[in-house]
Amino acid sequence: MPFLIDDVLSAKRELDKFRLDNLKRGNLAPHHERFIFPFLCGSYFAYRKIDVKRIVAIAHAVSKDNPSYLDVGCGYGDFLEKIRQYLPNAEGMEKSADIFFKLKKYKPDYIKIGDAYNGIEKRYDVIFVGWMEPGVDYRDKIAEKTDVIVTTLDQGGQCGKHCGCEMEEYGFKKVASWLTPSWIDVNTELMNKYYSSMTEGLRRSLHELRGAHNLWYIYSKPNYVESVRKDLLEYDSKISDTATYDHEKILDELGYRVNERLPLGSGMNLWKIEFEN
Ligand SMILES: C[S@@+](CC[C@H](N)C(=O)[O-])C[C@H]1O[C@@H](n2cnc3c(N)ncnc32)[C@H](O)[C@@H]1O
């Protein structure tokens with residue numbers, strides 16, 4: 001369900017209240033708001049620096065110097081900002097001008113207002129499609145303008161029938177994928193732990209039921225499949241060197257650690273890359 005600007009405005013009012021309460025408590029939870037108000041204060045991706053650096057490695061596999069990159073549906077650009085620390089030319093495309101102007105939020109020049117459904121202006125080395133509204137399908141527009149696509153599927157229910165996560169029919173090959181927690185699970189966990197009066201035992205048993213995840217898929221046209229795979233493998237072999245963002249402490253604390261084996265017998269580990277044959 002696409003959000004309405006009134007929903008964002010009402011979330012902003014709740015955020016203001018939350019900040020006031022948090023201040024009264026001595027600002028004990030500086031990173032909680034990112035996971036409670038993901039659109040306004042962070043991102044719907046419960047990402048880590050590893051995700052950012054993997055994408056940067058992929059972009060460098062396509063173009064060694066200054067790769068171009070577009071984040072479609074970037075919102076306020078929280079994830080894009082992190083990418084820009086490594087790819088300074090990275091740009092964003094956001095359909096809603098209201099999210100900036102009605103909330104009096106600064107819109108940086110590198111975020112252009114536009115609807116991907118109407119087409120993308122120029123070619124990019126990598127296009128990131130984190131979100132496609134249910135019933136909307138602009139995969140053809142993306143496929144026209146890049147050879148490498150990073151896309152996500154949120155099992156928490158944000159993905160429509162034609163999500164941007166199936167690109168084979170446009171001549172792309174799936175190169176790799178990995179799993180991160182769904183923001184819905186992280187949000188629930190955080191609320192249960194800090195903002196409810198439930199017992200620790202009940203909280204732990206609910207923790208075992210978490211089951212929604214965000215899948216990240218890397219697609220490439222045949223010409224870049226090998227270089228993308230090689231650069232991703234090379235980056236991942238150095239993963240222990242990677243510093244982390246401060247907000248990752250919350251993910252660790254809530255039980256969403258790197259390589260954590262998921263409950264419910266899924267046999268999958270968070271952030272572990274699976275390469276396709
Ligand atoms: C769920 S939000 C995610 C925002 C951001 N990527 C994040 O992680 O928080 C989806 C965003 O995509 C934008 N969007 C939806 N359809 C779009 C389209 N066709 N073209 C450009 N932006 C679009 C929405 O306005 C919204 O800001």
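Mentor: Let's start with a term: a salt bridge is a side-chain nitrogen of Lys or Arg within 4 Å of a carboxyl oxygen of Asp or Glu. Keep in mind that this is a predicted model.

Trainee: Got it. Which residue meets E14 in a salt bridge?

Mentor: Look along helix α1, residues 5-24, for a partner three residues away from E14, about one helical turn. The N to O distance in this salt bridge is 3.1 Å, and that fits because the cut-off is 4 Å. The partner of E14 is K17.

Trainee: Is K17 buried, partly exposed or exposed?

Mentor: Buried means under 20% relative accessible area and exposed means over 50%, with partly exposed in between. K17 has 49% relative accessibility, and E14, with 40%, falls in the in-between class. So K17 counts as partly exposed.

Trainee: How far apart are the closest N and O atoms of K102 and D98?

Mentor: These two form a salt bridge, so the gap has to be within 4 Å. K102 is partly exposed at 46%, and D98 is partly exposed at 31%. Their closest N and O atoms are apart by 3.8 Å.

Trainee: What about E169 and R139: how many residues apart in sequence are the parts they tie together?

Mentor: The two form a salt bridge, with their closest N and O atoms 3.4 Å apart. E169 sits in the loop between β5 (148-154) and β6 (173-181), while R139 belongs to helix α7 (residues 139-144). So the pair ties together parts whose separation in sequence is 30 residues.

Trainee: Which of those two is buried, and which is exposed?

Mentor: Try the cut-offs again: under 20% is buried, over 50% is exposed. E169 has a relative accessible area of 61%, so E169 is exposed. At 3%, the buried one is R139.

Trainee: Which residues are joined into one network by salt bridges that share partners?

Mentor: The count of salt bridges comes to 26. Some of them share partners, and that links residues into a network. The members are K64, K230, D231 and E234.

Trainee: On to the ligand. How many residues surround the ligand?

Mentor: Among the closest are S43, G73 and E94. By class, the shell has eight nonpolar, five polar and four charged residues. The number surrounding the ligand is 17.

Trainee: And how much of the ligand's area does the protein bury?

Mentor: Start with the contacts: a polar side-chain atom of S43 lies 2.8 Å from an oxygen atom of the ligand, and a polar backbone atom of Y44 is 3.1 Å from a ligand oxygen. A backbone N or O atom of G73 lies 2.9 Å from a ligand nitrogen. Taken alone, the ligand exposes 600 Å², and the share of this that the protein buries is 95%.

Trainee: Which side chain is joined to that of E260 by a polar contact?

Mentor: First find E260, in the loop between α11 (248-253) and β8 (274-275). At 16% relative accessibility, E260 counts as buried. The polar contact is 3.0 Å, and the side chain at its other end belongs to R257.

Trainee: Last one: what is the area of the nonpolar surface patch made by L202, L206 and L209?

Mentor: Patch residues need over 30% relative accessible area, so it helps to check one member. L202, in helix α9 (residues 200-207), is partly exposed at 41%. Together L202, L206 and L209 make a patch of about 260 Å².

Methods:
Residues are numbered from 1 along each chain as its sequence is written. This is a predicted model: local features need pLDDT of at least 70, side-chain atom pairs count only at pLDDT 80 or more; totals for chains, interfaces and linings use all residues. Side-chain values use heavy atoms; hydrogens and water are left out. Patches are made of residues with over 30% relative accessible area and no salt bridge: like charges are joined within 9 Å, nonpolar side chains (Val, Leu, Ile, Met, Phe, Trp, Tyr) within 5 Å. Accessible areas come from the Shrake-Rupley method with a 1.4 Å probe; for residues, only the protein chains shown count as cover. Helices (H or I, at least four residues) and strands (E, at least two) are DSSP runs, numbered from the N terminus. Buried means under 20% relative accessible area, exposed over 50%, partly exposed in between (1.4 Å probe, protein chains only). A residue is near a molecule or strand if one of its heavy atoms lies within 4 Å of it. A polar contact is a pair of N or O atoms within 3.5 Å; within protein, one must be able to donate a hydrogen and the other to accept it, and residues adjacent in sequence count only if both atoms are side-chain atoms. Ala, Val, Leu, Ile, Met, Phe, Trp, Tyr, Cys and Pro count as nonpolar, Asp, Glu, Lys and Arg as charged, and the others, Gly among them, as polar.
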